[in-house]
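Take a first walk through this structure with the model open beside the text. Each stop picks out a place to look at.

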Amino acid sequence: MNRITSAAEYKKTYKASVDNPEKFWATQAKTFKWKKKWKKVLDWDFRKPDVKWFVGGKLNITENCLDRHLKKRGDQTALIWEPNDPSRPYKSYTYKALHKEVCKFANALKKNGIKKGDRICFYMPMVPELAIGVLACARIGAIHSVVFAGFSATALADRIKDATCKMVICSDYNSRGAKNIPVKKVVDEALKKGCKSVKTVIVHENTGDKVTMKRGRDKWWHNVTKDQKGNCKPTVMDSEDELFILYTSGSTGKPKGVVHTCGGYMVYTSYSFKNVFAYEDNDVYWCTADIGWITGHSYIIYGPLLSGATTIMSEGVPTYPDAGRFWHICEKHKVNQFYTAPTAIRALMAQGDHWPSHYDLSNLKVLGTVGEPINEEAWQWYNKFIGKGKCPIVDTWWQTETGGIMISPIPNALKTKPCYATHPLPGIQPCLVTPEGKEIKKKKAEGLLCIKYPWPSMIRTTYGDHERCRQVYFSAFDNMYFTGDGARRDSDGSYRIIGRVDDVINVSGHRIGTAEVENAINEHDNIIESAVVGYPHAIKGQGIYAYVITDGKVKDKAKFKKELDAVVRKFIGPIAKPDKVQLVSGLPKTRSGKIMRRILRKIASGDTKNLGDISTLLNPDVVKEVIKGKV
């Protein structure tokens with residue numbers, strides 16, 4: 001698999017990938033082990049949408065993650081796990097050891113009635129068993145659906161029911177900072193909410209704290225794996241068989257189950273990993289994301305292991321036990337590539353410039369950011385204090401739906417530029433369009449970001465609702481994938497992502513639908529109506545600003561805010577709690593009754609001089625009141 005190392009090589013490779021995409025991707029795919037070669041590289045129609053890569057090809061992705069490396073790299077470290085508490089020892093698994101653990105758990109799944117096509121929900125903290133369990137599912141053709149272990153029981157139940165999961169795999173507790181967070185208890189609550197498809201719950205003993213086990217349904221991980229063999233024949237999968245479902249927030253209340261398939265996802269995650277991070281043999285790579293998000297799927301598990309890399313996964317938070325935790329791990333394991341979120345960088349900046357100076361960061365070669373566009377101040381701090389001005393910063397733009405990184409600098413081949421994701425990877429054909437759908441051809445422009453040609457790791461459908469997939473991603477503009485983002489293109493062809501154009505807020509890199517938060521807020525007994533928008537937040541990038549109309553019975557605002565937080569925590573999780581809550585008597589609406597969130601966003605961000613024409617609103621006077629009462 002080719003790795004780009006110069007500007008000339010990028011230019012040549014990109015041209016070849018656009019001139020003949022099928023030939024380009026077939027060349028990349030040939031580096032993997034296939035049970036049966038494909039009959040056709042690509043079959044596509046964005047209007048339906050219907051996209052198939054490596055048609056007729058047969059494979060198992062875990063053979064390419066594990067078995068393929070055993071002869072050459074069997075004794076090389078595949079996975080390093082750093083616990084929440086640095087006084088506890090870390091764990092490491094060679095490729096041989098990881099292969100054995102994956103096979104044991106795969107056999108345990110089969111013994112517990114799991115077969116190809118069954119959906120399995122994971123609700124686990126960042127422990128090695130989560131990575132092992134995900135790979136075990138892929139080994140036997142079961143479809144994994146990982147839910148971030150910070151979501152509420154209600155949110156978890158919604159996802160279990162939507163995917164009709166047959167099994168839930170969880171831990172007893174999650175160690176996060178100074179807290180032990182109950183995980184199994186949340187699963188128990190979720191399963192009381194009509195999750196009739198679940199037959200078995202497997203519980204990993206993480207902290208050893210007491211949990212309730214339901215007879216006949218709940219089983220301990222260590223018991224189900226105890227007598228299993230360390231070999232499991234991989235199930236042969238079609239290139240377009242489903243690999244996993246991952247739920248992402250949309251502009252409507254119901255989360256979308258994004259479906260990714262085996263063959264194309266395999267090829268693209270490995271190709272993008274090697275190029276974006278300039279990975280070389282014997283490097284140590286660390287992505288700080290949670291496997292509950294797409295970043296953890298593609299760039300902690302699949303991309304690195306497909307590439308024969310050494311990958312680190314870590315439990316805990318960046319500031320526990322102190323603000324040197326990240327840099328301590330980088331020093332300890334001689335990390336070469338480090339990938340984190342702008343939120344984490346800003347949080348560590350706020351702790352002071354001196355923390356990184358206590359640690360040896362000289363092994364770092366590439367720094368990356370993910371989840372949201374990085375602001376210039378954070379970029380400069382990252383460059384100066386972590387990279388010492390010597391490490392390229394790859395500001396990566398991509399989505400759950402794209403499966404892999406789409407626009408990013410390639411180290412030593414493309415110039416980095418603060419606030420710019422820069423250029424598309426080979427095989428990716430972005431364009432800017434007007435709201436009417438006309439492609440903007442001139443180089444320096446601003447518009448809506450679309451992709452006009454398929455790439456191997458792209459979304460295939462939304463689980464159980466293909467029409468929703470078509471409506472959300474492929475209906476806005478003819479024969480194009482619409483990203484939902486606005487972007488600016490520079491005179492050199494570099495892209496800068498401006499942000500979401502739909503009602504989705506990016507909080508600390510997590511996409512949260514405003515409708516989902518509003519639905520939760522409206523569950524409070526005293527609330528008549530609410531409107532939620534994003535606003536600039538110094539640490540999170542975007543914060544959540546809630547405008548609420550109450551029944552007039554709220555007397556204690558501080559108590560009311562706590563109650564509101566509790567409601568949102570119950571229905572979604574703590575990540576969606578509003579940062580600011582403003583009580584209003586009304587909301588700006590059009591004469592047809594639509595809430596003008598555009599106006600509310602401007603007020604929340606402090607931009608009250610550019611509200612545009614408000615005279616046509618149903619209730620223009622309410623705007624003055626909202627401005628006056630801004631929190």
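The paragraphs below go from the cores to ring pairs, then to a helix contact and some loops.

This is a predicted model, where local features need pLDDT of at least 70, side-chain atom pairs count only at pLDDT 80 or more, and totals for chains, interfaces and linings use all residues. Residues are numbered from 1 along each chain as its sequence is written, and side-chain values use heavy atoms, with hydrogens and water left out.

Begin inside. A nonpolar core is a set of buried Ala, Val, Leu, Ile, Met, Phe, Trp, Tyr and Cys residues joined through side-chain atoms within 4.5 Å. Buried means under 20% relative accessible area, exposed means over 50%, and partly exposed lies in between (1.4 Å probe, protein chains only). The largest nonpolar core holds 115 residues. Leu 98, Phe 105, Leu 109, Ile 169 and Tyr 302 touch the most other members. Helix α6 (residues 128–140) gives this core its largest share, nine residues. Helices here are DSSP runs of H or I with at least four residues, strands are runs of E with at least two, and both are numbered from the N terminus. Another core lies apart from this one. It has 48 residues, among them Cys 165, Tyr 247, Ile 505 and Val 532.

Now look around Ile 169. Contact means heavy atoms within 4.5 Å. Neighbours within four places in sequence are left aside. Ile 169 then contacts Phe 105, Leu 109, Ile 120, Cys 121, Phe 122, Tyr 123, Met 124, Ile 202 and Trp 221.

Next come the rings. Rings of Phe, Tyr and Trp (its six-membered ring) pair if their centres lie within 6.5 Å; planes under 30 degrees apart count as stacked, over 60 as edge-to-face and the rest as tilted. The whole structure has 38 aromatic pairs. One of them joins Phe 24 and Tyr 271, edge-to-face, at 5.7 Å centre to centre and 85° between the planes. Phe 24 sits in helix α2 (residues 21–29) and Tyr 271 in helix α10 (residues 262–276), so this pair ties together parts 247 residues apart in sequence. Both Phe 24 and Tyr 271 are buried.

Phe 244 and Tyr 265 make another pair. Their ring centres are 5.1 Å apart and their planes stand at 80°, so this pair is edge-to-face. Phe 244 belongs to strand β14 (residues 242–248) and Tyr 265 to helix α10, 21 residues apart. Phe 244 is buried, with a relative accessible area of 0%. Tyr 265 is buried too, at 1%. Elsewhere, ring pairs link Trp 44, Phe 46, Tyr 453, Trp 455, Tyr 473, Phe 474 and Tyr 481 into a cluster.

Turn to two helices. The axes of α13 (residues 342–349) and α14 (residues 376–386) come within 10 Å and cross at roughly 75°. That makes α13 roughly perpendicular to α14. Axes are lines fitted to C-alpha atoms, for helices over the stretch in contact, and angles run from 0 to 180 degrees between N-to-C directions. Angles under 35 degrees count as roughly parallel, over 145 as roughly antiparallel, 65 to 115 as roughly perpendicular and the rest as oblique. Which residues meet in α13 and α14? Ile 345, Arg 346, Leu 348 and Met 349 in α13 meet Glu 377, Ala 378, Trp 381 and Tyr 382 in α14.

Finally, visit the loops. Tyr 320 and Pro 321 are joined by a cis peptide bond, with omega about 0°. Pro 321 lies in the loop between β17 (310–314) and α12 (325–332). Pro 86 contacts Pro 321 and Arg 325, leaving aside neighbours within four places in sequence. Pro 86 itself is in the loop between β4 (77–82) and β5 (91–94). Its relative accessibility is 27%, so Pro 86 counts as partly exposed. The C-alpha atoms of Pro 86 and Tyr 320 are separated by 9.0 Å, with their places 234 residues apart along the chain.

A second cis peptide bond joins Lys 48 and Pro 49, with omega about -15°. Pro 49 lies in the loop between β1 (40–45) and β2 (50–55).
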